[in-house]
Amino acid sequence: APQHVLIARLSPFTDVDRSLPHLFLFQQVRRALPLAYIDLAFFPARAERAWMEGENVPPLIGVRSMHSVEDFELVLFSNSYLLELINLPYLYLHSNVPLFARERGPGDPIFVLGGSNAMASQALLCAQENEADTRDALVEGVFFGEGEERVERLVSILTQEHDGRRERLTRAAAEVEGFWAANISS
């Protein structure tokens, strides 16, 4: 597949199995990227976390492919409620993902957070500008608002291989209403 996208929920599957946001995101990614490989990930339940730690298996993996996060170009986090946000640093730290966007490079996936709790995601954002005069966060971007048609456009921009990481984020912030990008000049 030309692109690999991971759609991740910040709660265990048993808590969100009847929820629809990850299925909506799957549909939007499929429309934007008909040939892409799309996988889902869920925050592991307590017993799964214990097993994964014991077996040295990263918790941020696709449930179908069992591929770890570094095998994806784009990761879309669906955040439904505030308490889920504390799961994000755990996923990063146990999956060898640098904590802040500014620490990630061209070979790392672009991480985007959205969902009904996105407006309350300030905990993910740095309170002040860093030494390079850029905004920073735990994700490369936060999407606020309704996703119909906008998510499709966002995914299309963020997976374009001919543009660099920073260029894609800057373009998405300029062209997609409701998208805020970290690690670009303010």
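# Notebook: helix α6 and its surroundings

I began with helix α6 (residues 165-175) and listed its buried residues: Arg-165, Arg-168, Leu-169 and Ala-172. They cover an arc of only 95° around the axis, which puts them on the same side of α6. The arc is taken over the directions from the helix axis to the C-beta atoms. I use buried for under 20% relative accessible area, exposed for over 50% and partly exposed for what lies in between, with a 1.4 Å probe and protein chains only. Helices (H or I, at least four residues) and strands (E, at least two) are DSSP runs, numbered from the N terminus.

Notes on the source. The model is predicted, so I kept local features only at pLDDT of at least 70 and side-chain atom pairs only at pLDDT 80 or more, while totals for chains, interfaces and linings use all residues. Residues are numbered from 1 along each chain as its sequence is written, and side-chain values use heavy atoms, with hydrogens and water left out.

**What α6 packs against.** I looked up the partners of the buried residues of α6 and found β4 (110-114), α5 (150-158) and β6 (179-181). Contact here means heavy atoms within 4.5 Å.

**α5 with α6.** I then took the pair of helices. The axes of α5 and α6 come within 9 Å and cross at roughly 160°. Axes are lines fitted to C-alpha atoms, for helices over the stretch in contact, and angles run from 0 to 180 degrees between N-to-C directions. α5 and α6 are therefore roughly antiparallel to each other. The classes are roughly parallel under 35 degrees, roughly antiparallel over 145, roughly perpendicular from 65 to 115, and oblique for the rest. α5 passes α6 in a right-handed crossing. A crossing is right-handed if the near helix is turned clockwise from the far one by less than a right angle, and left-handed if anticlockwise. From α5, Arg-153, Leu-154, Ile-157 and Leu-158 meet Arg-168, Leu-169, Arg-171, Ala-172 and Glu-175 of α6. By class, this contact of α5 with α6 has 5 nonpolar, no polar and 4 charged residues. Nonpolar covers Ala, Val, Leu, Ile, Met, Phe, Trp, Tyr, Cys and Pro; charged covers Asp, Glu, Lys and Arg; the others, Gly among them, are polar.

**α2 with α5.** I checked a second helix against α5. The axes of helix α2 (residues 21-32) and α5 come within 8 Å and cross at roughly 55°. That makes α2 oblique to α5. The crossing of α2 past α5 is right-handed. On the α2 side I noted Phe-24, Leu-25, Gln-28, Val-29, Arg-31 and Ala-32, which meet Val-151, Glu-152, Val-155 and Ser-156 in α5. The residues of the contact of α2 with α5 divide into 6 nonpolar, 2 polar and 2 charged.

**Thr-159.** I followed the chain into the loop between α5 and α6, where Thr-159 lies. Thr-159 counts as buried at 6% relative accessibility. Not counting residues up to four places away in sequence, Thr-159 touches Gln-3, Leu-33, Leu-74 and Arg-168. The C-alpha atoms of Thr-159 and Leu-74 are separated by 7.0 Å, though the two are 85 residues apart along the chain.

**Gln-3.** From Thr-159 I went to Gln-3, which is placed in the segment before β1 (4-9). Gln-3 has 15% relative accessibility and so counts as buried. Leaving aside neighbours within four places in sequence, Gln-3 is in contact with Leu-33, Ala-36, Tyr-37, Glu-73 and Thr-159.

**Positive phi values.** Most residues other than glycine have a negative phi. I therefore noted the exception at Met-66, a residue other than glycine with a positive phi near 60°. Met-66 is found in the loop between α3 (46-55) and β3 (74-78), and is exposed at a relative accessible area of 54%. Asn-96 also has a positive phi near 60°. Asn-96 sits in the loop between α4 (87-94) and β4, and is exposed at 74%. Asn-56, just after α3, takes a positive phi of about 60°. Of the 10 residues of α3, the number buried is 1, so α3 lies largely in the open.

**Whole chain.** Last, I took the totals. The protein has 6 helices and 6 strands, in the order β-α-α-β-α-β-α-β-β-α-α-β from the N terminus. Of its 186 residues, 48% count as buried. Among the contacts in the protein with a separation of 6 or more, 71% are between residues 24 or more positions apart.
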